[in-house]
Amino acid sequence: MSEAIKAKAESVLARTYNRMPLVFVKGEGCTLWDADGKSYTDFLAGIAVCSLGHAHPDVAEALCRQAGQLMHVSNLFYTLPQIELASWLVERSFADRVFFCNSGTEANEAAIKLARKYFSVKEEKRHNIITMKQSFHGRTLGSLAATGQKKIQDGFEPLLPGFEYVPFNDPEALAARMTPDTCAVMLEPIQGEGGVICPDPGYLEKVRRMCDEHGALLIYDEVQTGIGRTGKLFAYEHSGVSPDIMTLAKALGNGLPIGAMLATEKVASAFSHGSHASTFGGTPTICAASLAVLKCIERDGLLEKCRTTGEYFKGRLLSLKAKHAVVKDVRGLGLLIGMELSCEGAPIVKACLEKGYIINCIQNKVLRFVPPLIVSKEEIDGLIACLDQVLGEGK
């Protein structure tokens with residue numbers, strides 16, 4: 001059955017993804033089933049998206065209920081789900097204003113535009129934005145230019161001008177690039193796609209201080225780290241260093257398309273009517289479902305669960321490091337964990353998939369684990385046993 005579906009897909013879909021040879025038809029919690037009925041334990045969660053797991057009943061109920069009432073009216077009008085979702089985010093963050101869109105890259109486009117507009121309104125000629133090497137901010141042209149990975153930019157030149165890149169965790173390199181033309185510094189509080197790189201102690205404080213000294217804005221891309229992934233609602237809470245602008249997406253919709261840009265009143269006021277827009281951003285259905293996601297995270301104590309389960313998971317991975325020389329490092333926070341290898345990770349991903357576990361590899365040699373926040377210790381133990389066997393076989 002799967003082979004026939006895959007053959008049809010290969011004949012009609014654009015070749016923009018190197019897809020795994022699986023056709024998924026059903027999900028529940030941390031388990032997925034393919035078209036042949038085989039089950040898999042999901043440690044990827046749609047790349048840090050499905051934090052509540054698959055087919056969560058509260059999210060499905062909210063989506064269906066709202067779809068039966070009102071699906072779309074455009075942002076020319078107010079809708080209650082959008083107002084309620086924005087209020088929830090404002091009450092629990094540094095921000096005063098929220099702009100809704102459809103994805104992380106779209107949220108980052110909005111952040112880039114707002115930063116430049118902020119100085120334009122002040123009649124200051126600043127447009128340079130400093131981002132980090134190995135960062136990932138998206139694949140539309142503005143966020144692509146912000147991304148500090150040449151392999152992702154290749155073939156799409158000329159890039160949007162006005163971006164510079166410095167190494168993450170290197171405050172001296174950042175200080176050397178800060179000038180009166182610097183509009184903003186944009187970074188991920190933890191680099192996810194770049195290899196699960198955590199900030200050194202005090203690094204974010206230094207970045208904030210440099211931004212303040214130069215009058216530049218600080219933008220956090222929390223598309224992957226936000227909404228509980230690190231054990232706090234937003235990763236910046238671990239350091240206590242707030243940004244001026246923050247972007248969200250991924251887990252905000254638990255699989256439904258939504259992005260958000262949050263900002264302080266001072267900065268957000270640079271956007272006026274017509275400055276920016278998104279036709280489908282913040283539709284009633286998606287906002288109602290997103291609000292259900294956030295309420296579940298609070299009601300079910302998933303932030304605390306993420307912290308304790310993440311520590312357990314990390315400890316089990318460190319036990320593999322002690323046993324297998326091929327494991328160079330284990331790092332991360334909450335349930336955003338990377339295991340760096342001294343060999344290529346792709347064969348290990350493939351071997352785990354054959355044994356019923358979904359993981360992925362970034363930067364060729366870093367296995368990334370971003371399971372649903374509801375993942376159990378028993379499910380983690382299952383993956384550890386699988387990895388132990390695969391690593392022992394030298395794959």
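Modeller: Welcome! Two strands count as paired here if DSSP finds at least two bridges between them, while helices (H or I, at least four residues) and strands (E, at least two) are DSSP runs, numbered from the N terminus. This is a predicted model, in which local features need pLDDT of at least 70, side-chain atom pairs count only at pLDDT 80 or more, and totals for chains, interfaces and linings use all residues. Residues are numbered from 1 along each chain as its sequence is written, and side-chain values use heavy atoms, with hydrogens and water left out.

Colleague: Thanks! In the open sheet of seven strands, what is the strand order?

Modeller: The pairing in this sheet is mixed. Reading across its seven strands, the order is β4-β10-β9-β8-β7-β5-β6.

Colleague: Which are the edge strands that pair on one side only, and by how much are neighbouring strands turned against each other on average?

Modeller: The edges are β4 (97-101) and β6 (163-166), each with pairing on one side only. For angles, axes are lines fitted to C-alpha atoms (for helices, over the stretch in contact), and values run from 0 to 180 degrees between N-to-C directions. With direction ignored, the average turn between neighbouring strands of this sheet is 20°.

Colleague: How many bridges do β9 and β10 share, and which residue of β10 stands opposite I245?

Modeller: Strand β9 (residues 245-248) and strand β10 (residues 259-263) are antiparallel, with four bridges. Facing I245 in β10 is A263.

Colleague: What angle does helix α5 make with β9?

Modeller: Contact means heavy atoms within 4.5 Å. Helix α5 (residues 104-121) packs on the sheet and touches β4, β5 (128-132), β6, β7 (182-187), β8 (217-221), β9 and β10. Its direction and that of β9 make an angle of about 165°.

Colleague: Is I219 buried or exposed?

Modeller: I219 sits in strand β8. Beyond its neighbours within four places in sequence, I219 contacts A111, A115, A184, V185, M186, L187 and I245. Buried means under 20% relative accessible area, exposed over 50%, and partly exposed in between (1.4 Å probe, protein chains only). I219 has 0% relative accessibility, so it counts as buried.

Colleague: Then what is the relative accessible area of Y203?

Modeller: Y203 belongs to helix α9 (residues 203-214). Not counting residues up to four places away in sequence, Y203 touches M132, P167, F168, N169, D170, P171 and L187. Y203 is buried, and its relative accessible area is 2%.

Colleague: Let's move to the other sheet. Why is one side of β1 and of β13 left without a neighbour in the sheet?

Modeller: That open sheet of four strands has mixed pairing and the order β1-β2-β3-β13. One side of β1 (24-28) and of β13 (357-358) is left without a neighbour because both stand at the edges, each with a single partner strand.

Colleague: Which residue of β13 is the bridge partner of T41?

Modeller: Strand β3 (residues 39-42) and β13 run parallel and are joined by two bridges. The partner of T41 in β13 is Y357.

Colleague: And in the hairpin of β11 and β12, which residue takes a positive phi?

Modeller: Strand β11 (residues 327-333) and strand β12 (residues 336-341) are antiparallel over six bridges, and G332 stands opposite I337 in β12. The hairpin has two residues between the strands, and the one with a positive phi near 60° is G334.

Colleague: On to charges: how many salt bridges are there?

Modeller: A salt bridge is a side-chain nitrogen of Lys or Arg within 4 Å of a carboxyl oxygen of Asp or Glu. By this rule, the count is 21.

Colleague: What is the N to O distance between the side chains of E61 and R65?

Modeller: E61 and R65 are four residues apart in helix α3, which means about one helical turn separates them. E61 is partly exposed at 42% relative accessibility, and R65 is partly exposed at 41%. Their side chains form a salt bridge with an N to O distance of 3.0 Å.

Colleague: Which residues do salt bridges that share partners join into one network?

Modeller: Let me start with a pair: K350 and E354 form a salt bridge (2.8 Å, N to O). K350 and E354 lie in helix α13 (residues 346-354), four residues apart, about one turn of the helix. As for the network, salt bridges that share partners join K328, D329, R331 and E340.
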